[in-house]
Amino acid sequence: MMTIISLLLLASLLPHLTFTAHVNVGIVNGREAKPHSRPYMVSIQSNGIHVCGGSLISDQWVLTAAHCWDRNETLTVVVGAHDLRESKKSDHIGVKSYIQHPSYSGSFHFNDIMLLKLKEKVNINNNYVKSISLPKNGEDVEANTLCSVAGWGQLKIKGQKSHRLMEANVYIMNESECHERWGNMFSQTQMMCAYGHGGSCRYDSGGPLVCGDTAIGVTSFGDSLLCNSPVKPNVYIKISLYIPWINEKIKM
């Protein structure tokens, strides 16, 4: 009987143990995603080099982070890819319009969200390319909810990027705890944190935080010295706060 009770207690503590251990991992230390199991994932590239992730939210619109574009570069969106070394087999689509949130502050990542309108529509009625649903306006996700992240980012803070799409499970952190860890860099209104054994690293920015079948966050920032830091959790922009803005721009 005592053994069963001990096991139950251990299971209840597992989601919280990440912060007591020194874990230096990014998404690539999670697991390789099943090819094309996340058909909404896009690679945002500059001069053929992956710089950010993003989510296909319709046949002509991509949602990503505002800091992924510096206004002086031309971006290309790759859809339907798994291994970026084979991306010639995927569709490469130019960007027609770059729409950063008007209140985006590059200094502190506030309102770090951007829409990309593609130059042409993509076929989203196949197994390789599909759009992902967004939350309702103002919808929140409870702390400790199991979600996931994915991307082609670095193995570690100074490591190489992954050629193949990687993924990891994460848990939503209590907002007050996240604010305590990040201080004034964190906005409880605009942002949320997630933690886990794996997580986002550099060049995973812009990719979605997915709970169930819904993209509820946009990867924004984390500890600059340690990917998936046990002290400074990764921070995501709350998509639900920006639903009216997204709908307004897409309907223009």
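**Exercise 1. Find how many bridges join β12 to strand β13, and say which way the two run.**

Step 1: Go to residues 234-238, which make up strand β13. Step 2: Count the links back to β12: there are four bridges, and the two strands run antiparallel. Step 3: Pick out a pair of residues facing each other, such as phenylalanine 221 opposite valine 235 in β13.

Before going on, keep in mind that you're looking at a predicted model.

**Exercise 2. Work out which strand pairs with β12 through residues 208-211, and look at the hairpin they form.**

Step 1: Residues 208-211 are strand β11, and this strand pairs with β12 in the antiparallel sense over four bridges. Step 2: For a facing pair, take proline 208, which sits opposite valine 218 in β12. Step 3: Now check the turn: two residues lie between the strands of this hairpin, and glycine 212 takes a positive phi near 70°.

**Exercise 3. Decide whether strand β12 is mostly covered or mostly open.**

Step 1: Find the strand at residues 214-221. Step 2: Call a residue buried if its relative accessible area is under 20%. Step 3: Seven of the eight residues in β12 are buried, so by that cut-off the strand is mostly covered. Step 4: For the whole protein chain, 52% of the 252 residues count as buried.

**Exercise 4. Trace the barrel and give the order of its strands.**

Step 1: Start at β2 and go round: β2-β3-β4-β7-β6-β5. Step 2: These six strands close into a barrel, with antiparallel pairing. Step 3: From one strand to the next, the twist averages 45°. Step 4: Now add the helix: α3 (residues 243-250) packs on the sheet and touches β4, β6 and β7. The direction of α3 makes about 20° with that of β7.

**Exercise 5. Look at how β3 and β4 pair.**

Step 1: Locate β3 at residues 49-56 and β4 at residues 61-64. Step 2: They pair in the antiparallel sense over two bridges. Step 3: Spot leucine 56, which faces valine 62 in β4.

**Exercise 6. Say where in the chain you should be careful with the model.**

Step 1: Take the overall picture: the mean pLDDT of the protein chain is 87, and 88% of its residues reach 70 or more. Step 2: Then check residues 1-26, where the pLDDT is below 50. Beyond near neighbours in sequence, this stretch still has 36 contacts in the model. Step 3: Where pLDDT is low, the predicted coordinates shouldn't be read in detail.

How values were computed: Residues are numbered from 1 along each chain as its sequence is written. This is a predicted model: local features need pLDDT of at least 70, side-chain atom pairs count only at pLDDT 80 or more; totals for chains, interfaces and linings use all residues. Side-chain values use heavy atoms; hydrogens and water are left out. Two strands pair if DSSP finds at least two bridges between them. Axes are lines fitted to C-alpha atoms, for helices over the stretch in contact, and angles run from 0 to 180 degrees between N-to-C directions. Contact means heavy atoms within 4.5 Å. Buried means under 20% relative accessible area, exposed over 50%, partly exposed in between (1.4 Å probe, protein chains only). pLDDT is the predictor's confidence in each residue, from 0 to 100.
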